[in-house]
Each structure stands twice: as C-alpha cells, then as structure tokens.
Amino acid sequence: MPFPAFENQKEHPLTKIMEKHFRVFATCDIGEAINLLRERGYEVEVYPHPEAPPKSFIIEKVRSGIDGLITTLRDQIDAEIFEAGKGHLKVVAQYAVGFDNINRGDANRYKIPFTNTADVLTEATAEFAFFMMGELARRMWTAEHLTRENNWGYWHPYLPFLGDEVTGKTVAVIGTGRIGLAFIKKCVGFDMNILCYDPAYQNHEFVKSIQEMLDLRHARGLVKERPWIKYVSFEDAVRQADFVSVHVPLLRKGESDTPTYHLFNEHTLGDMKSTAYLINTSRGPVIDEAALARALRENWIAGAALDVYEKEPLPPDSPLRDPVIADRCRLMPHFASAARITRLSPDPDRGMAGRCVQGLRDVLEGHCGGDVTKMPYVVNKEAFAR
Ligand code: NAD
C-alpha cells in the first residue's frame, strides 16, 4: 500500500498520472530503469539498435506526438527537433552529464526543459582518468603487448623501455567542477602536487581541505616531502605539470567568455614540458587532434591518453592512429563512465539511467510544484525564470 491515505482510487496520485498516459521515445536502451516508467503507465518506445538513430528518425518520432524524449550524446538536438515537437514535446532527458549535443539556445527559444545526469558518473569518470594517467605513464599497454607477442626475452634494468612514476609528481587539473574535484581526491593518495585551473568556479574551501589532508600525511610521516595544492593561471598549470588532466565542458566560441574548444592546440601543447602527459576524459573538441598528433610525433610532450575525440567513433584515418605514436598515445572508446552501477542503476542517486528517468518524470509529472526552476536535474532553468 504505497499511498494508504488515498482510499478513493480516483484520488490516488498514481491513478492521476496513469490517466495522463505519457508517451516517451528513447534513442537508446538505458536498461531496466525504463520499466519504472512503464510501471507508471507510460508508453515507452526504445530504439532497438545499438548505434544512434538517424536524426530524421528522431524527428519522425517526435512529430508523432511524444511527451518526452530520452537522448544521449550521440543525438543532435536542436530547433529541427523542437519544431517537430511543437505543442506536445515537454522534456528532453539527456543520459549524460555533458550536453554539448543539445542546442541550449534552441531549447530555450522553444521553452523545452532538458535534464542531465550530473553527479552519478563523477567518481567513475574521475577514477578512469586517474587510471589512464598510470596506464600511460607506466606504459602498461606497450608492456603487455611485449608479453603477448613473445617479445619479452629477458629482464633488464632499462631495456626495452622504462615508464614514469605517478607518485609524487605534479598534476594540473583543468576544470575544477564535479569530476575535477573527484580526480583531485584520488591524487591525494599518490602524494601528488596539484595545480588547479578554472576561470569560472574556484572551490577554495575544497582546496583548503585537501591541503589539510596532505599536511596530515606529511606530519604523520606517511610522505617525506610535503605535497601542496593551489589555484594558478592556465599558463602556469600547463607549463609546470608532469600530468595535465582535462575536466571541462565543451564550450564553443560565443557560448562562454572562456571557451574550451581547442583549448589544447599547437600553442598550448608547445607550452607543456617535453616529459609531460596529457589526459582527456572531457570532450574531444577540447583538443585540436591534428596538433596533438604532431606534438606526439615530434616529442613536444611524452604522451597522451584520450577517451573522447573530435569525431566519434574515431575515424580510421585519424592521425592519432599513426603507428609511430602508438607507444605514447592511448585511445579509449568514450568509456570513462562505463561502469555497471554508474551506467545502469535505476536508483537516481547511483545510476545515470535512474537519474535520467527521474529528470524526465520530474518535468512530466510536475514535481517541485511544477516549477521547472526548482527541479534538480533540469539544466536550462534560465528559460523558465520569471
Ligand atoms: P562541471 O560543470 O561540474 O565542471 C566543469 C568545470 O569546468 C566547471 O567548474 C567550469 O567552471 C570549468 N570550466 C569551464 N570553462 C573552463 C575553461 N575554459 N577552462 C577551465 N575550466 C573551465 O562538469 P563535470 O560534471 O565535472 O563534467 C565535466 C565534463 O566531463 C562534462 O561536461 C562532460 O563533457 C565530460 N564527461 C565525460 C565523460 C566520459 O565518459 N568521458 C563522463 C562524464 C563527463
């Protein structure tokens, strides 16, 4: 009896919702969380193929009169989609924290709220970036190939190659939002010095707490040198770091005073130490890939590990696939949040699937008194401010 106070079934909140009979189209299968909607009387159609539906297909589905659209980073959501949904589309629920595939200006013009799945993928993404840093610097991929291809002929002090330690090194964290801060917490255990850069959000309280933890480790004799953390300029972060880990949203020119599109280009890559490594789990276009391939080929930097690309999936002719740089360029398939609970848990406090469904329900079922600006997972609240 979930609602014992409602003896009259007509008054039962679930009955009211079911009377509305919302229709939803999901551009990908997000697992059992979809059943939470079906159990509430929603009619949900899920695109059955693993690849993204063509945009024309999404437009057709939206035009058919759906109330809600579940999308992910592969779907271009803009005025064409919102126009097709005129009069009936009420929400776009994005299964990702990044939403650069959604044209925010268009959503605002059409007054369509869109939601994202922030927070629940923070730790998974941060730890993946951390592991990529070690995988790259300790050359684990190259080392395993040596064993698998029967080229491990002897143990030797420095042949056929050596890697670099992560412990005690200096890391620059570009973007100190949710994932950047979670990444910093993981660096503490490796006694790293931490350079932070973020032009829009600086969490000095957090930095103070981390310094206190680093000081305690030093005071208790757990680490010889006292590690430190501080905010610095972008130039100082990039120039001084042994590792640079990128945690920014993709912001193109005109979308921000400090856009992130091609933040790493020939100029800024040229500023990095020749012994430094670059790790990117944010969005591909934050790095100019042609410039990065050149920087790796010409040894401007020691290596790069990427999870995201200017074009995904990574095209067969990408310069990043050049065999000459294979030993210093790790290429992951946009995989940083790809952990079981993170991706699929129907619990909105644990999984992207649960949070995506909750964001959709908040809008359609008029939670928070129907005030979109109070709904926690709606991104474009500015369009609804009175
Ligand atoms: P967030 O909004 O909490 O943090 C982003 C931070 O970047 C903010 O503090 C912002 O002020 C800062 N920033 C903006 N412009 C900047 C600039 N020019 N230079 C430096 N910092 C800048 O977002 P988050 O939850 O930490 O996620 C960050 C991004 O990571 C997402 O937007 C998404 O694109 C990406 N992401 C990728 C994966 C993956 O699977 N690879 C998973 C999750 C998130």
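How many residue pairs are in polar contact across the interface of domain 1 and domain 2? In this predicted model, the rule finds two such pairs across that interface, both at pLDDT 80 or more.

**Domains and their interface**

The domain assignment divides the protein into domain 1, made of 9-120 + 340-384, and domain 2, which covers 122-331. Domain 1 is thus given as two stretches, whereas domain 2 is given as one. Taken over C-alpha atoms, the centres of the two domains are 34 Å apart. Contact between the domains involves eight residues of domain 1 and five residues of domain 2.

The size of an interface is often given as the accessible area lost when the parts come together. For domain 1 and domain 2, the buried area is about 600 Å², and 47% of it lies on carbon and sulfur atoms. On the side of domain 1, 60% of the area buried against domain 2 is supplied by Leu 73, Asp 100 and Asp 119, more than by any other three residues.

In addition to the polar contacts, the rule finds one salt bridge across the interface of domain 1 and domain 2. A salt bridge joins the side chains of Asp 100 and Arg 283, with 3.0 Å from N to O. By residue class, the side of domain 1 that touches domain 2 has four nonpolar, two polar and two charged residues.

**The ligand site**

The ligand is surrounded by 30 residues, and the closest are Arg 178, Ile 179, Asp 198, Thr 281 and Asp 307. This shell consists of 14 nonpolar, 12 polar and four charged residues. Polar atom pairs between protein and ligand include the following.

| Residue | Protein atom | Ligand atom | Distance |
|---|---|---|---|
| Gly 177 | polar backbone atom | oxygen | 3.4 Å |
| Thr 281 | backbone N or O | nitrogen | 2.9 Å |
| Arg 283 | side-chain N or O | oxygen | 3.4 Å |

On its own the ligand has 870 Å² of accessible area, of which the protein covers 90%.

Thr 281 is listed among the closest residues to the ligand, and a backbone N or O atom of Thr 281 is placed 2.9 Å from a ligand nitrogen. Arg 283 appears in both parts of this report: the side chain of Arg 283 meets that of Asp 100 in a salt bridge, and an N or O atom in the side chain of Arg 283 is 3.4 Å from a ligand oxygen.

Terms used
Residues numbered from 1 in each chain as written. Predicted model: local features only at pLDDT ≥ 70, side-chain atom pairs only at ≥ 80, totals over all residues. Heavy atoms only, no water. Near = heavy atom within 4 Å. Polar contact = N/O pair within 3.5 Å; in protein donor to acceptor, adjacent residues only side chain to side chain. Areas by Shrake-Rupley, 256 points an atom, 1.4 Å probe, with all protein chains shown as cover. Nonpolar A, V, L, I, M, F, W, Y, C, P; charged D, E, K, R; others polar. Domains from an automatic or database assignment. Contact = heavy atoms within 4.5 Å. Buried area = accessible area lost by both parts, 1.4 Å probe. Salt bridge = Lys/Arg side-chain N within 4 Å of Asp/Glu carboxyl O.
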